[in-house]
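Open the model in your viewer and keep the sequence panel beside it. We will go from stop to stop, with something to select at each one.

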Amino acid sequence: MTDISALENIHKRGLFGDHQEKNENELISVAEAKHLQIIQIVHYKKSTLQIASLNLDNLKFPEATMLVNSNKDTRILWSGPSNWLLVSTKKDILSSVQKICDDKNFAVTDLSHSRAIIRSEEHTSELQSRETI
């Protein structure tokens, strides 16, 4: 099976906006970051399991507003009370999540085929990049 992008029929390549008479280094580039696993994890209110005891890919689940814990392959983003978004380059991360986050305490949803991650880069003297989900 091949990967199908959520932006397959929407994203158009080319130059748009005020790009005439500008150096290529002054332009912003926008592209989809592909081959990522995107998983939503929700901790049930009635669960007695302590989030602080969980460790996934050597990362703790952030428990404060708008925090992110990350390593080379995986990011865990706090997206609301008892709600996280996990983004990873590891293809088998879903099975790891399901082992740690059982059905009694968590709702785990694979969003990989319904969401896209957009990478925007502005070329300045220092390369800056930002990803948006």
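## Starting in the sheet

Select Ile39 first: Ile39 stands opposite Leu86 in E5. Before moving on, note that this is a predicted model, in which local features need pLDDT of at least 70 and side-chain atom pairs count only at pLDDT 80 or more, while totals for chains, interfaces and linings use all residues. Residues are numbered from 1 along each chain as its sequence is written, and side-chain values use heavy atoms, with hydrogens and water left out.

Now colour by secondary structure. The protein chain has one helix and eight strands, and from the N terminus on its elements run β-β-β-β-β-α-β-β-β. Helices (H or I, at least four residues) and strands (E, at least two) are DSSP runs, numbered from the N terminus.

Which order do the strands of the open sheet have? Five strands make up this sheet, in the order E3-E4-E5-E2-E6, with antiparallel pairing. Two strands pair here if DSSP finds at least two bridges between them. Select 68–70 and 106–110 to see the edge strands, E3 and E6, each of which pairs on one side only. From one strand to the next, the twist averages 20 degrees.

## Strand E2 and its partners

Next, select residues 37–43, which are strand E2. Is E2 mostly covered or mostly open? It is mostly covered, with five of its seven residues buried. Buried means under 20% relative accessible area, exposed means over 50%, and partly exposed is in between (1.4 Å probe, protein chains only).

E2 pairs with E5 in the antiparallel sense over six bridges. With E6, E2 pairs in the antiparallel sense over five bridges. One residue to pick on that side is Ile41, whose bridge partner in E6 is Val108.

Then add strand E4 (residues 74–80) and strand E5 (residues 83–88): six bridges join these two antiparallel strands. Click Gly80 in this pair, and look for its bridge partner in E5, Asn83.

## The helix and Val108

Show helix H1, residues 93–100. H1 lies across E2, E4, E5 and E6, and runs at about 10 degrees to E2. Axes are lines fitted to C-alpha atoms, for helices over the stretch in contact, and angles run from 0 to 180 degrees between N-to-C directions.

Centre the view on Val108 in strand E6. At 26% relative accessibility, Val108 counts as partly exposed. Which residues does Val108 touch, leaving aside its neighbours within four places in sequence? They are Ile39, Gln40, Leu94, Val97 and Cys101, where contact means heavy atoms within 4.5 Å. Try a distance label from Val108 to Leu85: the two are 23 residues apart along the chain, and their C-alpha atoms are separated by 9.9 Å.

## One salt bridge

How many salt bridges does a search of the whole structure find? The search finds one, formed by the side chains of Asp57 and Lys90 at 2.7 Å, N to O. Asp57 is in the loop between E2 and E3 and Lys90 is in the loop between E5 and H1, so the pair, 33 residues apart, links distant parts of the chain. A salt bridge is a side-chain nitrogen of Lys or Arg within 4 Å of a carboxyl oxygen of Asp or Glu. Lys90 counts as partly exposed, at 27% relative accessibility.

## One aromatic pair

Display Phe61 and Trp84 as sticks. They form an edge-to-face aromatic pair, 5.1 Å centre to centre with 85 degrees between the planes. Rings of Phe, Tyr and Trp (its six-membered ring) pair if their centres lie within 6.5 Å; planes under 30 degrees apart count as stacked, over 60 as edge-to-face and the rest as tilted. Phe61 lies in the loop between E2 and E3 and Trp84 in strand E5, so the pair ties together parts that are 23 residues apart in sequence. Phe61 is buried, with a relative accessible area of 3%, and Trp84 is buried at 2%.

## Last stop: Glu63

Select Glu63, placed in the loop between E2 and E3. Glu63 counts as exposed, at 54% relative accessibility. Leaving aside neighbours within four places in sequence, Glu63 is in contact with Ile51, Ala52 and Trp78.
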